[in-house]
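Biologist: I would like to go through the charged side-chain contacts here. Please keep the answers short.

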Amino acid sequence: MEQKSKVILLPCNSYREELVYEQLKKGLELLGGIETFVKKEDKILLKPNLLKRAEVEKAVITHPAVVAALGRILREEGYKNIILGDSCGTSSTRKVIKGTGMDTALERLNIPAVDFSEGRRVAYSKGIQAKEFILPKELLECDSILSICKMKTHALERITGAVKNSYGFVYGFHKAKGHTQYPSADSFARMLVDLNTFMRPKLYLMDGIVAMEGNGPGSGDPVPMNVMLLSADPVALDSVFCRLIHLDPKLVPTNYHGEKMGLGFWREEKLSLVTPQGPVSMEEAVKKWGRPDFKADRSVMRNGIWEKMARALNIFQKKPYIDQEKCIRCGICVKSCPVPQKAVSFSKGKGQPPVYDYKKCIRCFCCQEMCPEKAIRVK
């Protein structure tokens with residue numbers, strides 16, 4: 001029998017606690033139950049997307065209701081050793097979740113939020129792009145990882161979902177360093193695939209009840225998608241997200257390389273899509289829950305001679321631009337730039353917005369991700 005990756009699509013039109021809990025419980029049952037993936041004695045890490053401090057309504061981080069629902073199910077099923085953590089873009093796990101409601105939900109469930117304290121170098125000889133990683137000791141001490149990602153756009157990889165969420169495994173400043181080691185969308189995607197293959201999260205849950213479109217992953221706009229997605233295959237899950245927003249999954253580097261490198265499947269014939277009401281075709285799902293007007297990068301990348309020359313000459317490439325009216329001169333973009341000599345700086349003084357040196361810029365868009373004022377766009 002041909003192997004297929006099962007993706008569970010859970011309709012959910014609000015973050016009402018009981019609704020999210022009931023739908024997620026149904027989804028886990030459709031996959032055979034949580035015990036299919038995690039042993040009772042395992043030390044479990046819940047890994048949400050905690051990019052930066054932001055109001056929950058802005059759809060920057062995984063919604064607390066989704067995290068709480070999974071935590072509640074685990075507790076009810078008798079799982080005792082659970083922690084939550086992420087290597088955030090700025091700040092720490094506890095500081096990012098403070099005041100969001102995730103902190104109080106975790107306290108109620110007696111699930112500690114941990115700040116990663118120490119990075120350890122681990123070799124990965126089977127890696128295709130990455131042969132080693134610097135990972136937090138708290139992560140390495142866990143037996144099972146449950147990834148709770150957010151449905152968002154991404155300037156470099158087009159989307160950030162299940163595969164990309166695992167970049168939060170990389171410890172501290174090594175995340176920024178990784179962008180200089182793997183500067184292109186393809187090399188960065190291959191590294192992410194290696195990272196997922198090495199760490200092997202047992203299950204991936206995507207919060208798409210309210211997603212982020214446009215200038216994601218930190219400065220886009222919230223948009224209701226009214227779904228949660230659940231799968232053991234991160235590539236399959238991300239490809240369903242792509243289809244719902246009318247984006248060709250093959251255009252997303254993490255999907256393309258993810259299938260090529262054996263992490264999962266993006267091709268429709270390799271997927272099995274199921275809802276609580278039963279199996280559903282991709283066409284039916286897209287018709288019912290899709291958004292053709294979702295703002296995402298659907299441009300087709302070409303590899304002809306003119307495009308190769310443009311890349312070599314550093315012209316007609318995506319670049320970050322600062323909106324001078326929105327910029328508050330906080331310097332977070334400068335601090336976030338991973339390039340040692342800084343591709344963005346206060347070269348005109350702190351009384352003026354930062355200025356880019358595009359000859360140094362590696363197009364990682366960390367500046368755009370971390371800007372708190374939505375003042376940086378990629379064009």
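Biologist: How far apart, N to O, are the side chains of R72 and E76 in their salt bridge?

Modeller: This is a predicted model, and the distance is computed from it. A salt bridge needs a side-chain nitrogen of Lys or Arg within 4 Å of a carboxyl oxygen of Asp or Glu. R72 and E76 meet that cut-off, with an N to O distance of 3.1 Å.

Biologist: Why can R72 and E76 meet, given their places in helix α2?

Modeller: Side chains of opposite charge can pair when their charged atoms come close. R72 and E76 are 4 residues apart in helix α2, so their separation is about one helical turn.

Biologist: Which residue forms a salt bridge with E18, and where in the chain is that partner?

Modeller: The closest N and O atoms of the E18 pair are 2.8 Å apart. E18 belongs to helix α1 (residues 17-30), and its partner lies 54 residues away, so the pair links distant parts of the chain. The partner is R72, in helix α2 (residues 64-76).

Biologist: Is R72 buried, partly exposed or exposed?

Modeller: Buried means under 20% relative accessible area, and exposed means over 50%. R72 has 22% relative accessibility, so R72 counts as partly exposed.

Biologist: Which residue forms a salt bridge with E118?

Modeller: The closest N and O atoms of this pair are 3.5 Å apart. E118 is partly exposed at 36% relative accessibility, and its partner is partly exposed at 35%. That partner is R120.

Biologist: Which residues are joined into one network by salt bridges that share partners?

Modeller: R72 pairs with E18 and also with E76. The network joined through shared partners consists of E18, R72 and E76.

Terms used
Residues numbered from 1 in each chain as written. Predicted model: local features only at pLDDT ≥ 70, side-chain atom pairs only at ≥ 80, totals over all residues. Heavy atoms only, no water. Helix = DSSP H or I, 4+ residues; strand = E, 2+ residues; numbered from the N terminus. Buried < 20%, exposed > 50% of the residue type's maximum accessible area, 1.4 Å probe, protein only.
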